[in-house]
Structures are given as structure tokens and as C-alpha cells.
Amino acid sequence: MTQSLRPVRSADGPEQHPLLYPGNSFNPPRPLVAALLRGLACRCPACGTGRLYRRFLTITPSCADCGEALHHARPDDAPAYFVMLVVGHVVVSLAMSLEFGFSPPIWITLAFSVTTACALTLALLPPAKGLVIALQWSFWMHGFDPHEQDHSTTIVQNQTISGDQPWAA
Ligand SMILES: [Zn+2]
């Protein structure tokens, strides 16, 4: 059995390219590693030249260099979770090493821990957010997917509301 390379458009969804794009089959693959490195550097995931933020953590609406729309990005809480995971492990390890190695007064351990946690968090949040945005861009997630409107329209069209639904009572 041979499959056609022609795009398939069904009544249920947008055009798919099953053989050309084996990922989600709707869009061509994007370079993942290059995009992640650009995101880590707080640069546009598409070109790597334009700035990702117009202020500390405020995403620029579109890349000033290549025009890629970046306002679709929805990193939400993911960067904060990743940063907490890393900072927590680093700061607790350092504080315990300090405490068990040198036994300083408790205020020195507290001052060191709080200062290190704040500095690391502020330093790591922009690249962590850039990493998540680059991941979403690379996988055509959320608004980065030009077919997203088609997906949501299809879902709404397939829903049937009947008297059995609790919200229809
Ligand atoms: Zn760009």
C-alpha cells in the first residue's frame, strides 16, 4: 500500500501532510535545538538575532529583526517551576555545605541563602522563559500554530449539547 504525498483535508480537520511532516502532520518541523539555544540567549527563536523581551520578562509582540509574531507565546508558570527546581537544589546544597563545613552563625547562613536564591532566580528567569517560548515555537504550539483556529473550530463543531448534559438542565 502506498500513501500519497498530497495533503489530506478531511471534513473533521485542517490539511495534513502525513508523510512530509511526521510530527503533528499539520506543519513542517522546525529546528528544535537551534531554537532552544536562541531562547536560552533570550533571542527570537526563529532568527536568533532579534530580542525576545522588550523589558525584563515582557515578551516583544514581534521580532524586530525577522518579524516573527511572538505575542502567541504562553509560557505561563513553567519557567518559574523550572527555576524553583534548579535554585532550590543549588541553594539548599550550598547552605547545607556552609552549615556543616564551617558552622557559621545562623544569620550568615540565612543572609547567604536568601541573597543567593534571589540573585539566581532573577538571573535564570529570562533564559528559562526563553527556553519555554522556543519550545512552543518549535512545536507550533498555541498561537504559533496557524491551524489552531481550525482545531478549535473542529472541536466546537463536534460537540453536541443535549438535555443529558448537566449544564443544559
Ligand atoms: Zn526573529
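Colleague: Let's start with Cys47. Is Cys47 buried, partly exposed or exposed?

Modeller: Accessibility is the thing to read here. This is a predicted model, and in it Cys47 has 23% relative accessibility, so it counts as partly exposed. Buried would need a value under 20%. Compare Cys44: its relative accessibility is 0%, so Cys44 counts as buried.

Colleague: Which residues coordinate the zinc ion?

Modeller: To read a metal site, look for the donor atoms around the ion. In this model the zinc ion is held by the SG atoms of Cys44, Cys47, Cys63 and Cys66, at 2.2 to 2.3 Å. Along the chain, those donors are spaced as C-x2-C-x15-C-x2-C.

Colleague: And why is the arrangement of the four donor atoms called tetrahedral?

Modeller: Look at the angles. The four donor atoms subtend angles of 106 to 113° around the zinc ion, and therefore the arrangement is tetrahedral. The rule asks for all angles to lie between 85 and 135 degrees.

Colleague: Let me step back to the whole fold. How many helices and strands are there in the protein chain?

Modeller: Follow the chain from start to end and note each element. You'll find four helices and zero strands, so the pattern along the sequence reads α-α-α-α.

Colleague: What share of the residues counts as buried?

Modeller: Of the 169 residues in the protein chain, 29% count as buried. As for the outside, the chain exposes about 11100 Å², and carbon and sulfur atoms supply 64% of that.

Colleague: How do I read contacts across the sequence?

Modeller: Take contacts between residues at least 6 apart in sequence: in this chain, 49% of them join residues at least 24 apart. Here's a pair to look at, too. Ala41 and Gly130 sit 89 residues apart in sequence, while their C-alpha atoms are 7.4 Å apart in space. Ala41 is in the loop between α1 and α2, and it counts as partly exposed because its relative accessibility is 46%.

Colleague: Which residues make the nonpolar surface patch?

Modeller: For a patch, look for nonpolar side chains that show at the surface. This one covers about 620 Å² and is made by Leu32, Val33, Leu37, Leu40, Leu135, Phe139 and Met141. Helix α1, residues 32-40, gives the most to the patch, with four residues. Val33 is one residue to click on: it is placed in helix α1, and it is exposed because its relative accessible area is 59%.

Colleague: What about charged pairs? How many salt bridges does the count come to?

Modeller: Side chains of opposite charge can pair when their charged atoms come close. Here the count comes to one salt bridge. Glu68 forms it with Arg30, and the closest N and O atoms are 3.8 Å apart. The pair links distant parts of the chain: Glu68 is in the loop between α1 and α2, Arg30 is in the segment before α1, and they are 38 residues apart. Arg30 counts as buried, because its relative accessibility is 18%.

Colleague: Let's try helix α3. Which residues is Ser113 in contact with, leaving aside its neighbours within four places in sequence?

Modeller: A good habit is to find the element, then the burial, then the partners. Ser113 is in helix α3, residues 106-138. It is buried because its relative accessible area is 14%. Leaving aside neighbours within four places in sequence, Ser113 is in contact with Val91 and Ala95.

Colleague: And where does Thr116 lie?

Modeller: Thr116 lies in helix α3. At 17% relative accessibility it counts as buried, since the cut-off is under 20%. Not counting residues up to four places away in sequence, Thr116 touches Val91 and Leu94. Val91 turns up again there, as a partner of both Ser113 and Thr116.

Colleague: One last feature, the backbone. What is phi of Cys42 near?

Modeller: Check the sign of phi and the residue type together. Phi of Cys42 is near 60°, a positive value in a residue other than glycine, and Cys42 lies in the loop between α1 and α2. Ser103 also has a positive phi, of about 45°, although it is not a glycine. Ser103 lies in the loop between α2 and α3, and it is exposed because its relative accessible area is 54%.

Methods:
Residues numbered from 1 in each chain as written. Predicted model: local features only at pLDDT ≥ 70, side-chain atom pairs only at ≥ 80, totals over all residues. Heavy atoms only, no water. Donors = N, O, S within 2.8 Å, 3.2 Å for Na, K, Ca; no water. Tetrahedral: all angles 85-135°; square planar, octahedral: opposite > 155°, others 65-115°. Buried < 20%, exposed > 50% of the residue type's maximum accessible area, 1.4 Å probe, protein only. Helix = DSSP H or I, 4+ residues; strand = E, 2+ residues; numbered from the N terminus. Contact = heavy atoms within 4.5 Å. Areas by Shrake-Rupley, 256 points an atom, 1.4 Å probe, with all protein chains shown as cover. Patch = residues over 30% accessible without salt bridge, like charges linked within 9 Å, V, L, I, M, F, W, Y side chains within 5 Å. Salt bridge = Lys/Arg side-chain N within 4 Å of Asp/Glu carboxyl O.
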